[in-house]
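The following exercises are to be worked with the sequence and the coordinates at hand. Each task is followed by a stepwise solution.

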Amino acid sequence: MDPAVARKRLEEMLADVDRSVATLQAENAIPATNGGQDIDTSDPGAALTDADRESAVIEALGAQAKQIRAALERIDGGTFGKCVVCGQELPEERLDARPEAARCVADQARAESGR
């Protein structure tokens, strides 16, 4: 993938992720109300569960933003499109699907199995 094309896609992805995080954080900052009245629910854990779910999504989006920023740094450093572990060129199809990919499929599988 051409680095200029990759940079544009990555910057667009980062902007989308940042907007999503900002939206979720803004929603979390506003207490759930119904016309000024607290919403009464038969399941008092429901609000906590929703907050936990939203926190998990925000955390996942933060991790994705970190990967995107790292890919942008690889473009700047001239190493974009190469596996950060073995140095092998990443297949064009992989970069088309996941331009933030840092590892070849084999090294990514090893990294995920080591978790």
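**Exercise 1: Glu100**

Glu100 counts as buried, at 6% relative accessibility. The model is a predicted one.

Task: Determine where Glu100 is placed and which residues it touches.

Solution.
1. Glu100 is in the loop between helix H3 (92-97) and helix H4 (105-113).
2. Leaving aside residues up to four places away in sequence, Glu100 touches Leu10, Met13, Gln67, Ile68, Ala71 and Arg74.
3. The side chains of Glu100 and Arg98 form a salt bridge (3.0 Å, N to O).
4. The cut-off for buried is under 20% relative accessible area; Glu100 has 6% and is therefore buried, whereas Arg98, with 40%, is partly exposed.

**Exercise 2: Salt bridges of the helices**

Task: State how many salt bridges there are, and locate the pair Arg69 and Asp18.

Solution.
1. The count is seven salt bridges.
2. Arg69 and Asp18 meet through their side chains (3.6 Å, N to O).
3. Arg69 belongs to helix H2 and Asp18 to helix H1, so this pair ties together parts that are 51 residues apart in sequence.
4. Within helix H1, Glu11 and Arg7 are four residues apart, about one turn of the helix, and their side chains form a salt bridge (3.8 Å, N to O).

**Exercise 3: Core and confidence**

Task: Identify the residues with the most contacts inside the largest nonpolar core, and where the pLDDT is below 50.

Solution.
1. The core has 21 residues; Leu10, Val17, Ile68, Leu72, Ile75, Phe80 and Leu90 have the most contacts inside it.
2. The mean pLDDT of the chain is 87, but over residues 32-37 the pLDDT is below 50.

Methods. Residues numbered from 1 in each chain as written. Predicted model: local features only at pLDDT ≥ 70, side-chain atom pairs only at ≥ 80, totals over all residues. Heavy atoms only, no water. pLDDT = per-residue confidence, 0-100. Contact = heavy atoms within 4.5 Å. Core = buried A, V, L, I, M, F, W, Y, C linked by side-chain atoms within 4.5 Å. Buried < 20%, exposed > 50% of the residue type's maximum accessible area, 1.4 Å probe, protein only. Helix = DSSP H or I, 4+ residues; strand = E, 2+ residues; numbered from the N terminus. Salt bridge = Lys/Arg side-chain N within 4 Å of Asp/Glu carboxyl O.
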